[in-house]
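Colleague: Got a minute to walk me through this model? I'd like the basics, then some detail.

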Amino acid sequence: MAIEQIKMPQLGESVTEGTISKWLVSVGDKVNKYDPLAEVMTDKVNAEVPSSFSGTIKELIANEGDTLAVGEIICTIEIEGGSTEDAPVAEKPAAEAASGNAAPAASGNEGNRARFSPAVLKLAQEHGIDLNQVNGSGAGGRITRKDLQKIIDSGNIPQAAAQTESVQAQSAPQTAATEAKAEAAQSQPSSAQAAAPAPSVPVAAGDIEIPVTGVRKAIAANMLRSKHEAPHAWTMVEVDVTNLVEYRNGLKDDFKKKEGFNLTFFAFFVKAVSQALKEFPQINSMWAGDKIIQKKDINISIAVATDDALFVPVIKNADEKTIKGIGREINELAQKVRTGKIRSEDMQGGTFTVNNTGSFGSVQSMGIINYPQAAILQVESIVKRPVVMNNGMIAVRDMVNLCLSLDHRVLDGLVCGRFLARVKEILENTSKETTSIY
């Protein structure tokens, strides 16, 4: 027999972790290769993790609700036909702990360390936590990132005895200097510090407690990361889409009969944005620390909501598609999300996001950037308003607000203003005479 590991897969571009929402197997179950083992949620997709082997489930390392970094072990499988000598070294301490025959701490320190995931070791090193003094809540007493985060939030960080004695032996000036350095270090933001401790909220009679799902946790983490790391700025333009409205309304019925799906205003907006991105490629960029990556492909992310989650599928190479082609893809991606058939590859590669906030009546909003993209455009509701025309007369026109949130590390107001002005120009000149949907 041999023991094989199943690790958290990368389920999308820029995805660094996933949450086990539901185990589909139990310890002792026999599985075949490619059988689904667990449902995993990220901020981009909800997917099943398949087995890479045929065998028997030996241990479920992670619990339902646990969030693990990509590459961390989620479970182990006993494979028939191998030998125990082939099993990874990291599994031996786990097996010993499960059977109650773990070696004493003095001699088994290295073995226990092999059971720590890379994320746990990194977090412990960043905060000086002595893992030998931490009681794990994972399977077989395994220490998880949640265990360390609770300790960090509490402020009671266990340190090794030798380290504690060394600190106590320091002089007062040295201690003060050490504290000053610690305060300076704590002032620096990190992914571990980004998660604030949960507030204490009083629950009164009649209040309803709703558990936070894995998808909602992932969305919250990604939004928090975007707001923490990207300095958001915001700008808005008004667009007169009277001609566009007349054009679309005049052909929507025949289009539906011919093509089988609705021709929405949103398809026109996505087309205009993709055309403007081709002319202003700086907007189609991402921040990469010491450099800015200007993306060649124009892949438009669109937000599609369900009752309890938000998904962001991607229209690939939108600048090469017609309005009809974009409309068809919007319809197909929305159907996949709402029927639970969206795939990981449908969510990858986005370079700019267009959000149809006008679908629920919003007229002005500030979107949070879809990290690591540099900007997001909110398309608000089209409303009839009195407008002063160039000849001084007042007329009722169909108006829409376009609201752009931008990462000020990557983009400045000048290029964003020109980009929005170009989108406005394209939309205001969309009509039967100037624009084909095919």
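Modeller: Here is a quick tour, from overall make-up to strands, cores and salt bridges.

Modeller: This is a predicted model, so keep the filters in mind: local features need pLDDT of at least 70, side-chain atom pairs count only at pLDDT 80 or more, while totals for chains, interfaces and linings use all residues. Residues are numbered from 1 along each chain as its sequence is written, and side-chain values use heavy atoms, with hydrogens and water left out.

Colleague: Fine. How many helices and strands are in the protein?

Modeller: The protein has 12 helices and 19 strands. Those are DSSP runs numbered from the N terminus: H or I with at least four residues for helices, E with at least two for strands.

Colleague: And what share of the residues counts as buried?

Modeller: Of the 438 residues, 42% are buried. Buried means under 20% relative accessible area, exposed means over 50%, and partly exposed is in between, with a 1.4 Å probe and protein chains only. The accessible surface is about 23,300 Å², and 52% of that belongs to carbon and sulfur atoms. Those areas come from the Shrake-Rupley method with a 1.4 Å probe, and for residues only the protein chains shown count as cover.

Colleague: Let's do cores. Which residues touch the most other members in the largest nonpolar core?

Modeller: Ile283, Ile300, Phe352, Leu402 and Phe419, out of 59 residues in that core. Helix H10 (residues 265-279) gives the most to this core, with nine residues. A second, separate core has 20 residues, including Trp23 and Ile79. By nonpolar core I mean a set of buried Ala, Val, Leu, Ile, Met, Phe, Trp, Tyr and Cys residues joined through side-chain atoms within 4.5 Å.

Colleague: OK, strands. Why is strand S17 described as largely enclosed?

Modeller: Because five of the five residues of S17 (residues 375-379) are buried, the strand is largely enclosed by the rest of the structure. Both faces are covered, with Ala375, Leu377 and Val379 on one side and Ile376 and Gln378 on the other. In a regular strand the side chains alternate between the two faces of the sheet.

Colleague: Which strands are joined to S17 by bridges?

Modeller: Strand S16 (residues 352-355) runs parallel to S17, with three bridges joining them. S19 runs antiparallel to S17, with five bridges. Two strands pair if DSSP finds at least two bridges between them. Gln378 appears in both pairings: Asn355 is bridged to Gln378 in S17, and Gln378 stands opposite Cys403 in S19.

Colleague: Switching sheets: what is the order of the four strands in the open sheet?

Modeller: The order is S5-S4-S2-S7, with antiparallel pairing. Strands S5 (46-50) and S7 (67-69) are the edges, each pairing on one side only. Neighbouring strands of this sheet are turned by 40° against each other on average, direction ignored. The axes there are lines fitted to C-alpha atoms, for helices over the stretch in contact, and angles run from 0 to 180 degrees between N-to-C directions. Five bridges join S4 (residues 36-41) to S5, and the partner of Glu39 in S5 is Glu48.

Colleague: Now electrostatics. How many salt bridges does a search of the whole structure find?

Modeller: The search finds 17, where a salt bridge is a side-chain nitrogen of Lys or Arg within 4 Å of a carboxyl oxygen of Asp or Glu. One of them joins Arg385 and Glu238 at 2.4 Å, N to O. That pair links distant parts of the chain, 147 residues apart, with Arg385 in strand S18 (residues 383-388) and Glu238 in strand S9 (residues 232-240).

Colleague: Are those two ends buried, or partly exposed?

Modeller: Partly exposed: Arg385 has a relative accessible area of 25%, and Glu238 has 40%.

Colleague: What about Lys384, which residue does it form a salt bridge with?

Modeller: Asp398, with the closest N and O atoms 3.0 Å apart. Lys384 lies in S18 and Asp398 in S19 (residues 394-407), so the pair ties together parts 14 residues apart in sequence. Lys384 is exposed at 61%, whereas Asp398 counts as buried at 8%.

Colleague: And where do Lys424 and Glu428 lie?

Modeller: Both are in helix H12 (residues 413-428), four residues apart, about one turn of the helix. Their closest N and O atoms are 3.1 Å apart in a salt bridge. There's also a salt-bridge network linking Lys336, Arg343, Glu345 and Asp346.
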